Amino acid sequence: MASSALRSKAAAASPWEPASARALQREVKRNAVLQTAAQLFNERGFHATSLDDIAERLHVSKPTLYYYVEGKDQILLECVRIALDLMHEGIEAVRRAGGSAIDQLKACMRIYTGVVTQDFGMCVIRIGEDPLPEPLKTELRRLKAGIDHQFRRLIADGVAEGSLAPCDPKMAAFMLAGALSWVGRWYRGDGALTPEQIADQGIALLLNGVLQRPAPAAPETASPPAAQRARKKKEGQA
């Protein structure tokens, strides 16, 4: 009886965590590596950031990083992939929700702006694909092309429904995405505007323009003297 109790106690006090818990911890730490790397890439540039820099900010040794990533190229690709996946997921959610093409386009523009103001999204804009070797560069272009085609489709649908002026969807998609992408260049977390405010103002400017439109003309009304003459004429005919 006593030996059975000891065996049960020993089993309950196992210092090893379940495999699921270990996998979760590894994922959390891997995400921390990617997030820290994205921040440093955006601050210093890709080439000026070393694995030693990433390890130092995380308070770990450089060899520890290799348990989570293969190297700097893979880190950059993963950072960019996360950002583009966020865009794809957001756009797909908008499509599933339905609504008019113009409402969907505005929602997707908000999603795009929100992503490029985050660490991973800034990597897409500030670092881009140039540092990556082939075939990683080709894979990144494929992911970006998917988002471009979603914007083209929404713009074409907007023209068809009459909410957007006739235009070349390809050119319009390039212009809209290019303008929104630039937010990732100049956005600062301590700036005067939140990402939501930037998105609202950016959408209004891109879709409505900056030209002052003339106010609609007021309906014509008879001047008092004319109105009095018309009334007198009517009274004389009565």
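A residue counts as buried when its relative accessible area is under 20%, as exposed when that area is over 50%, and as partly exposed in between. The views below show a predicted model.

**View 1. The loop residue Ser-50, between helix 2 and helix 3.** Ser-50 belongs to the loop that joins helix 2 (19-44) to helix 3 (51-58), and because its relative accessibility is 27%, this serine counts as partly exposed. Measuring along the sequence, Lys-62 lies 12 residues apart from Ser-50, while in space the C-alpha atoms of the two are 9.8 Å apart.

**View 2. The neighbouring rings of Tyr-67 and Tyr-68.** Three aromatic pairs are found when the whole structure is searched, and one of them joins Tyr-67 and Tyr-68 in an edge-to-face arrangement, with 4.9 Å from centre to centre and 80° between the planes. Tyr-67 has a relative accessible area of 51% and is therefore exposed, whereas Tyr-68, at 12% relative accessibility, counts as buried.

**View 3. Charged ends over aromatic rings, at Tyr-67 and at Phe-46.** The ring of Tyr-67 has the charged end of Arg-26 over it, at 5.0 Å from the ring centre. In a second example, the charged end of Lys-72 sits over the ring of Phe-46, 4.4 Å from the centre of that ring.

**View 4. The helices of the whole chain, as a setting for the close-ups.** The chain contains 11 helices and zero strands, and of its 238 residues, 34% count as buried. Among the contacts with a separation of 6 or more, 67% are between residues that stand 24 or more positions apart.

Notes
Residues numbered from 1 in each chain as written. Predicted model: local features only at pLDDT ≥ 70, side-chain atom pairs only at ≥ 80, totals over all residues. Heavy atoms only, no water. Helix = DSSP H or I, 4+ residues; strand = E, 2+ residues; numbered from the N terminus. Buried < 20%, exposed > 50% of the residue type's maximum accessible area, 1.4 Å probe, protein only. Contact = heavy atoms within 4.5 Å. Phe/Tyr/Trp six-rings, centres within 6.5 Å; stacked < 30°, edge-to-face > 60°. Lys NZ or Arg CZ within 6 Å of the ring centre and 35° of its normal.
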